[in-house]
Amino acid sequence: MPRDLTVIVLAAGGGTRMKSKTMKVLHPVGGRSMVGHVLHAVLATDPNRIVAVVGHQREQVGPHIQQLVPDAVLAVQEEQLGTGHAVRVAMDVVGASGQTTGTVVVATGDTPLLTGDTLREFVHEHLASQAAVSILSGVVDNPFGLGRVVRNDEGDVLAIVEEKDASDVTREIHEINSGILAFDAAFLTDALPRIGNDNAKGEFYLTDAIGLARGDGLTVSAHPTDDVVQTEGVNDRAQLARAGAELNRRIVERWMRAGVSVMDPATTWIDADVVLAEDVTILPGTQLLGATVVGEDAVVGPDTTLKDTEVGAGARVVRTHGELAVIGAGATVGPWSYLRPGTRLGARGKIGAFVETKNAVIGEGAKVPHLSYVGDAEIGEGANIGAGTIFANYDGVAKHRTTVGRHAKTGSNNTFVAPVAIGDGAGTGAGTVVRRDVPPGALAVSAGPQRDLEGWTLARRPGTDQASAAAEALAESPAAVDHADDPTDD
């Protein structure tokens, strides 16, 4: 890479065809905004400076760009008068700091498939050609609506002609301008004030700098990319969906070639920042989103969505939704589990069917197997939580924590009214409501002795199927009916 490289990212357009209150370049694709993908590619060129041109909804776009690249400089284009005007605004910012030498690359913020490899290669080719201007071009079957690269008989680049200004002969050209250009900075500084707006749209086209370079006797080069889809811009929701699908196809294929088994690529979605180890298996209907990390030999899916979640080596996660959670090595989760933010499941632990967890630390080898809600809790190593247990963490005003000790065994249909602690090795009976701390090794019960009101069904449900079944069973039973309790007195 050149020692003095400036990259200008154009992100000022309104994107009216998106029909959205969200600025076009902020729409997500593969877990990043469109401009986020472009900035990721730009950073791969190791530039000295990045200048982002913002305009429409700059109160959204500017902070987003600077969150991703804190060193990026923002240039505000108050009126969108074309790409030439946008770059002039950016170069005014660069020139104000006295930095007008070296190489300037111009990229657009709506090309989410652009990669760092392609951009680096283009910069190398520009430097090797010693051109004043270089064009990243591509050859497409249907060039309609795109600027054509016009060459002479010797193959030298003469100009880029926009669709609305093109003749019928020019419209037959299939080599198109991607919108990504590289300039010698000194030439660009000199050329920008000379670009006019005498065209069908009345805009200042940056591509008119090519004619100026030719007129100055300077070299203009065009470098067709073999992967022109990387340069395709997104202007509406249909194109956004196509770009997302293509990006996902590429990501999934890359992981498969890196040693990940994907059973059904058509129903698997993997975001750009996901990290997968070798020998991970992904089953159909799985979405791995955000900064999710999956360790080796883990199996995820089917029908699972994980966002910003860490899955340990050898873990098994099936039919689960998880976000901002950690699943330990060798642990099992699901089916039909919901892991909310703050869930941490220890190694070889278990979160089972129809269990919801939130802000809960579940220790190594601990189990929450069935039909439970575990919120604001800490469950010790080897503990087992009975089916149908509720951690009642909210008193109507504040959240409170529950602690379950190591190797504690709690009964089914328990309610733990926080704040409460169950000691190491303690237990609770079925149906217990725990309102105060349980000492280590103790058994807590809260239900009273069972009472059987004999004859209740015959007295209270006469004429029903229930009463008929009871009468038949009583008639067949040799035992006498004990009427010690009055069945009407309940």
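Colleague: What is the relative accessible area of A387?
Modeller: A387 has a relative accessible area of 21%. Buried means under 20% and exposed means over 50%, so A387 is classed as partly exposed. Please note that this is a predicted model.

Colleague: Where does A387 sit in the fold?
Modeller: A387 lies in the loop between β30 (373–379) and β31 (390–392).

Colleague: Which residues are in contact with A387, leaving aside its neighbours within four places in sequence?
Modeller: A387 is in contact with H370, S372, S412 and N413.

Colleague: Which annotation covers A387 and S412?
Modeller: The UniProt record, an unreviewed entry, carries a "binding site" annotation that covers A387, N393, Y394, S412 and A430. A387 and S412 are therefore both covered by this annotation, and A387 is in contact with S412 in the model.

Colleague: Let us take S372 next. Is S372 buried or exposed?
Modeller: S372 is buried, at a relative accessible area of 5%. The residue belongs to the loop between β29 (367–370) and β30.

Colleague: And what is S372 in contact with, beyond its neighbours within four places in sequence?
Modeller: S372 is in contact with F354, V355 and E356, and also with G386, A387, G388 and T389.

Colleague: Back to the annotated residues. Where is Y394 found?
Modeller: Y394 is found in the loop between β31 and β32 (402–404). Y394 is partly exposed, with a relative accessibility of 48%.

Colleague: What does the side chain of Y394 reach?
Modeller: The side chain of Y394 reaches the backbone oxygen of G396, at 3.0 Å.

Colleague: Change of topic. Which annotation covers D110?
Modeller: D110 and N235 are covered by a "binding site" annotation in the unreviewed UniProt entry. These residues are spread over 126 residues of sequence, yet they cluster in space, with a largest C-alpha distance of 7.8 Å.

Colleague: Which loops hold D110 and N235?
Modeller: D110 is in the loop between β6 (103–108) and α4, while N235 is in the loop between β11 (220–224) and α8.

Colleague: Is D110 buried or exposed? I have the same question for N235.
Modeller: D110 is buried, with a relative accessible area of 11%. N235 is partly exposed, because its relative accessibility of 22% lies between the 20% limit for buried and the 50% limit for exposed.

Colleague: Which side chain does D110 join in a polar contact?
Modeller: The side chain of D110 is joined to that of K24 by a polar contact of 2.9 Å. The side chain of N235 also has a polar contact with that of K24, at 3.1 Å.

Colleague: What else do D110 and N235 touch, not counting residues up to four places away in sequence?
Modeller: D110 touches V25, M34, V38, E232, G233 and V234, in addition to K24 and N235. N235 is in contact with R17 and M18, along with K24 and D110.

Colleague: Now the pockets. How much space lies in the second largest pocket?
Modeller: The second largest pocket holds about 440 Å³ of space. It is lined by 18 residues, of which L113, L114, T115, L247 and R254 are the closest to the centre.

Colleague: Which elements give two or more residues to that lining?
Modeller: These elements are α1 (34–43), α4 (116–129) and α8 (237–257). α8 gives the most, with four residues.

Colleague: How do the lining residues divide by character?
Modeller: The lining of the second largest pocket has eight nonpolar, five polar and five charged residues.

Colleague: Let us turn to L192. Is L192 buried or exposed?
Modeller: L192 is buried, at a relative accessible area of 4%. L192 is placed in the loop between α6 (185–191) and α7 (208–215).

Colleague: What does L192 touch, not counting residues up to four places away in sequence?
Modeller: L192 touches G84, V87, R88, M91 and L206. L192 and V87 are 105 residues apart along the chain, with 8.0 Å between their C-alpha atoms.

Colleague: One last residue. Is T304 buried or exposed?
Modeller: T304 is buried, with 0% relative accessibility. It lies in the loop between β18 (299–300) and β19 (305–307).

Colleague: Which residues are in contact with T304, leaving aside its neighbours within four places in sequence?
Modeller: T304 is in contact with G285, T286 and Q287, and with V317, V318, R319 and T320.

Notes:
Residues numbered from 1 in each chain as written. Predicted model: local features only at pLDDT ≥ 70, side-chain atom pairs only at ≥ 80, totals over all residues. Heavy atoms only, no water. 1 Å grid on protein atoms, 1.4 Å probe; cavity = no way out; pocket = protein on both sides within 12 Å on 5 of 7 lines; lining within 4 Å. Points joined across faces, edges and corners; volume = space filled by probe spheres on them. Nonpolar A, V, L, I, M, F, W, Y, C, P; charged D, E, K, R; others polar. UniProt positions renumbered as here; feature names shortened; annotations may be inferred. Buried < 20%, exposed > 50% of the residue type's maximum accessible area, 1.4 Å probe, protein only. Contact = heavy atoms within 4.5 Å. Polar contact = N/O pair within 3.5 Å; in protein donor to acceptor, adjacent residues only side chain to side chain.
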